[in-house]
Amino acid sequence: MAYSFFMDGVQLPIAPPSLSIKIKNQNKTLTLINEGEVNVLKMAGLTEIKFDVRIPQTKLPFASYPSGFKGADYFLNKFERLKTGQDSFQFIVSRILPNGKSLFDTNIKVSLEDYEINEEAEEGFDLVIGVKLKQYRSYGTKTVKITPPPTPAAKPVAQATTER
């Protein structure tokens, strides 16, 4: 099965060997007087994603380079911009069977929480980067401005804006 990982539109050259997606919980358990416990269901928390990705320093025959080979410095700069840019981005995992049939995709807006650069002798010159992402949900204050109708027969006009 072919996996393709994309961070902010950039395909990682080698798909990570494993991916962990944790959907967080915000439910509350309450203890009632003489009635035991109850679970108060709440909206799910923010999803956390973890993986380790190998970034080659030299061109490898099994890696994917859709826009040509890019060295480790390109990816290190990309990770740094994603971390320091204080902005969210799209994280996509595409899963395709060898016969070309597409399975489910993961497509989620995230922030880069942490990344760790590891160099190990058994990887040669390649880097292994531990990545932690967290789901990003847009938020803001909504303001509604209602304009009175120009004539008594007309309806008022409402215009909503969101401030972040």
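## Salt bridges

A salt bridge here is a side-chain nitrogen of Lys or Arg within 4 Å of a carboxyl oxygen of Asp or Glu. In this predicted model, three such pairs turn up. Take Lys78 and Asp8 to begin with: they form a salt bridge, with 2.7 Å between the closest N and O atoms. That ties together distant parts of the chain, since Lys78 sits in helix H1 and Asp8 in the loop between S1 and S2, 70 residues apart. Lys78 has a relative accessible area of 13%, so it counts as buried, while Asp8, at 36%, is partly exposed.

Next come Glu48 and Lys24, whose side chains meet in a salt bridge at 3.9 Å, N to O. This pair also links distant parts of the chain: Glu48 belongs to strand S6, Lys24 to the loop between strand S3 (20-22) and strand S4 (28-32), and their positions lie 24 residues apart in the numbering. Lys24 is partly exposed, with 31% relative accessibility.

Then there's Arg54 with Asp126, a salt bridge of 2.6 Å, N to O. Again distant parts of the chain are linked, with Arg54 in strand S6 and Asp126 in the loop between S8 and S9, 72 residues apart. The two ends are covered to differing degrees: Arg54 is partly exposed at 27% relative accessibility, whereas Asp126 is buried at 4%.

## Positive phi away from glycine

Asp8 is worth a second look for its backbone. It isn't a glycine, yet its phi is positive, at about 55 degrees. The loop holding Asp8 runs between strand S1 (2-7) and strand S2 (10-11), and this is the residue whose side chain pairs with Lys78.

Gln86 does something similar: its phi is near 50 degrees, a positive value in a residue other than glycine. You'll find Gln86 in the loop between helix H1 (72-84) and S7. With a relative accessible area of 73%, Gln86 is exposed.

## A buried arginine

Arg95 lies in strand S7 (residues 89-96). It is buried but has no salt bridge. Asp105 carries the nearest side chain of opposite charge, and that is 5.3 Å away; the cut-off for a salt bridge is 4 Å, so Asp105 doesn't qualify as a partner. What Arg95 does have is a polar contact of 3.1 Å between its side chain and that of Thr106.

## The negative patch

Which residues form the negative surface patch? They are Asp52, Glu113, Asp114, Glu116, Glu120 and Glu122. Strand S8 (residues 106-119) supplies the largest share of the patch, three residues.

Asp52 comes from elsewhere in the chain, namely strand S6 (residues 48-55). Its relative accessibility is 44%, so Asp52 counts as partly exposed. Patch members need over 30% relative accessible area, and Asp52 clears that bar.

## Glu123 and Ile55

Glu123 is placed in the loop between S8 and strand S9 (127-135). At 23% relative accessibility, Glu123 is partly exposed; that is under the patch cut-off, which asks for over 30%, so Glu123 can't be a patch member.

How far apart are the C-alpha atoms of Glu123 and Ile55? The separation is 9.8 Å, for two residues that are 68 residues apart along the chain.

Methods. Residues numbered from 1 in each chain as written. Predicted model: local features only at pLDDT ≥ 70, side-chain atom pairs only at ≥ 80, totals over all residues. Heavy atoms only, no water. Patch = residues over 30% accessible without salt bridge, like charges linked within 9 Å, V, L, I, M, F, W, Y side chains within 5 Å. Areas by Shrake-Rupley, 256 points an atom, 1.4 Å probe, with all protein chains shown as cover. Lys, Arg positive; Asp, Glu negative; His and termini not counted. Charge placed at Lys NZ, Arg CZ, Asp CG, Glu CD. Helix = DSSP H or I, 4+ residues; strand = E, 2+ residues; numbered from the N terminus. Buried < 20%, exposed > 50% of the residue type's maximum accessible area, 1.4 Å probe, protein only. Polar contact = N/O pair within 3.5 Å; in protein donor to acceptor, adjacent residues only side chain to side chain.
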